[in-house]
Amino acid sequence: MITLRIFADCGTRSEKHTVNEGFLPISRQDMEERGIEQLDFVYVVGDAYVDHPSFGHAIISRVLEAHGYRVGIISQPDWKDDSSISILGRPRLAFLVAAGNMDSCVNHYSVSRKRRSMDAYTPGGEMGHRPDHATVVYSNLIRRRYRDVPIIIGGIEASLRRMAHYDYWSDSFKRSILLDSQADLLSYGMGERALVEIADALAGGIAVSDLTYLAGTVYKTKDPSGVYQGILLPSYEEMKADKTLYAKSFQIQYQNTDSCTGKPLIEPYPNQVYVVQNPPQPPLTTEEMDQIYALPYMRAYHPSYEEKGGVPAIAEIKFSLISNRGCFGGCSFCALTFHQGRTIQVRSHESILEEARLLTKDPDFKGYLHDVGGPTANFRHPSCEKQLTKGVCQNRQCLFPSPCPNLKVDHKDYLELLRKLRALPGVKKVFIRSGIRFDYLLADPDDTFFRELVEYHVSGQLKVAPEHISDAVLERMGKPPRAVYERFVAKYRKLNEKLGKNQFLVPYLMSSHPGSALKEAIELAEYLRDLGYMPEQVQDFYPTPSTLSTVMYYTGLDPRDMKPVYVCRNPHEKAMQRALIQYRNPRNYDLVYEALVKEGRTDLIGFDKKCLIRPKKAVQGAGNMQKPSVHGTRLSEKAGRAQKHQASDLTGRKGTHLKQAGGKKRAIRNVHKKKTSS
Ligand code: SF4
């Protein structure tokens, strides 16, 4: 392993004379102006070129640049035109290829596999500028044009499809993306250190086919006999024929995501081809993290996008600060363990403060830092000391099913960081929009962080992710039991009362996760009834590549215990589960009615206050199916008004309104109104 050695002039290039200056070359003209005849690397990416450390292509390119390599960017090439890949000429060392910040299929399609109408990573938000499976398409394009230039693939799409995997959009079991793309090497995880090692090796004259020894990479070979301590996984063909074997293979992969304990994994394919995954790169040190975030990013999209109105994604991140990487939360539906690992890596306070000072000088800065976080905002140090030398546990989670006795719960560092940020001149408010892990928060015997979170860092409403309320489903999700969430809600309410605040709690909920049948969806609906509110949005479970939940969805087994799991695949049942969460919405009446009858829960249809909906006759008798046929409307109206006042004051956001019969608007808000406003 080498450590990153970054010598570039850290800081922002603010005094530039031409619009493109400061950005990496995107054209021959840019290269000529910079006196570059040939680039070392050409980075082909499915996103617009945004030179900001929230974008993978910007980070990798700037890191390579800081190590003395010349990098150019081809953003969103026309994949129907081979010449689009050669606009910067043949690179001296390699092409780097990534789909962008998201998997291209997640970017293009909703969970119902319908084409999305907007792409936040494309100028003007226009759809259609990137192909599905972009990594494969771009790499094949390059291979057609340049047969002998090494191709290195990376980014989230390549990282999470690095071994055989289930592809939801084609409903098929796919090979490692390394094979389909015809690339030479795959860099998984965040990739900075691996890319520098690859660059140095190629520059030193080592053939790409000999790069079989680098941590954080995946390569293919005909002869795996030299793989030291390798674990032989079931073959692709075997897994395709028997889903049980895929579930077993995935669990082995899951247990090998730590750099201390991870072993090389060997996946056989027909014709004596083997895909070998080397163990992950060790976590970056704070010094390395600081160096990466101090590189001279322009912190903006390329000026050539201006005429289309820019790149929408920048709005979300422009005034947000990344404080950490990695997550030991271990939610089953999240692939972060596979991508960034479980060990937390942090930037120093000074590095974050320096970036914040820079933001306060931006003419568009209004005094609000929108976020200080990462995958989980309140994880600012490793979950225990042991893992730093021995790795994270392979057979237990840090927080699930209950916090590990070795878990180090401490918010002092984060608290101190937030206090320093609040004290910066020009900063009016510091919000936390990244997820807060509430079970970790509750495990802290010191309430100071929770109190200051409520006092200073909530933007009108705090979003948290219980995801469900049925313990059976929560167990499959790797989330804490319902009782923990209820404790959190009670404490949040108390703190609000104590501080004279009336801030709301927005719970994210997910329907149709493996383990959730209609029975569990009704359980959730009854919880919401007792709470007296209806969520504005519901996330249907989305089987994205390389999550435990996706493996459950595909195989019907939980890889952790190999027990069968109920999986809702039927679109109509999915619609019923979703409708139950929003049972008050008149449009959902028929679906809710059908679900309750099907489950023998007609006791929830009627006029009693425990009922979710009224009988059909009563609704039809009212002569208007759009009229809300629910209980608790009066309470909802009252709380809705109170919340509207509160939320508008603090956030400027407006709620969604349903028009009632008679033209009166009824506010529906996704907040814990009863719990927080009573
Ligand atoms: S000992 Fe506990 S806290 Fe440490 S890695 Fe293992 S499960 Fe996590």
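Select Tyr-43 and Leu-96: Leu-96 is the bridge partner of Tyr-43 in strand S4. Strands here are DSSP runs (E, at least two residues), and helices are DSSP runs too (H or I, at least four), numbered from the N terminus. The model is predicted: local features need pLDDT of at least 70 and side-chain atom pairs count only at pLDDT 80 or more, while totals for chains, interfaces and linings use all residues. Residues are numbered from 1 along each chain as its sequence is written.

Now show strand S1 (residues 41-45), which pairs with S4 in the parallel sense over 5 bridges; two strands pair if DSSP finds at least two bridges between them. Next add strand S5 (residues 151-153), parallel to S4 and joined to it by 3 bridges. Here the partner of Leu-96 is Ile-152.

Colour S4 (residues 94-98) alone: 5 of its 5 residues are buried. Buried means that 20 or more other C-beta atoms, placed from the backbone, lie within 10 Å of the residue's own. In a regular strand, side chains alternate between the two faces of the sheet. On one side of S4 are Ala-94, Leu-96 and Ala-98, on the other Phe-95 and Val-97, and all are buried.

Move to Leu-178, in helix H6 (residues 177-181). Why is Leu-178 buried? Because 28 other C-beta atoms lie within 10 Å. Select Tyr-219 as well: Leu-178 and Tyr-219 are 41 residues apart in sequence, and their C-alpha atoms are 7.5 Å apart.

Terms used. A residue is buried if 20 or more other C-beta atoms lie within 10 Å of its own, exposed if 12 or fewer, and partly exposed in between; C-beta atoms are placed from the backbone.
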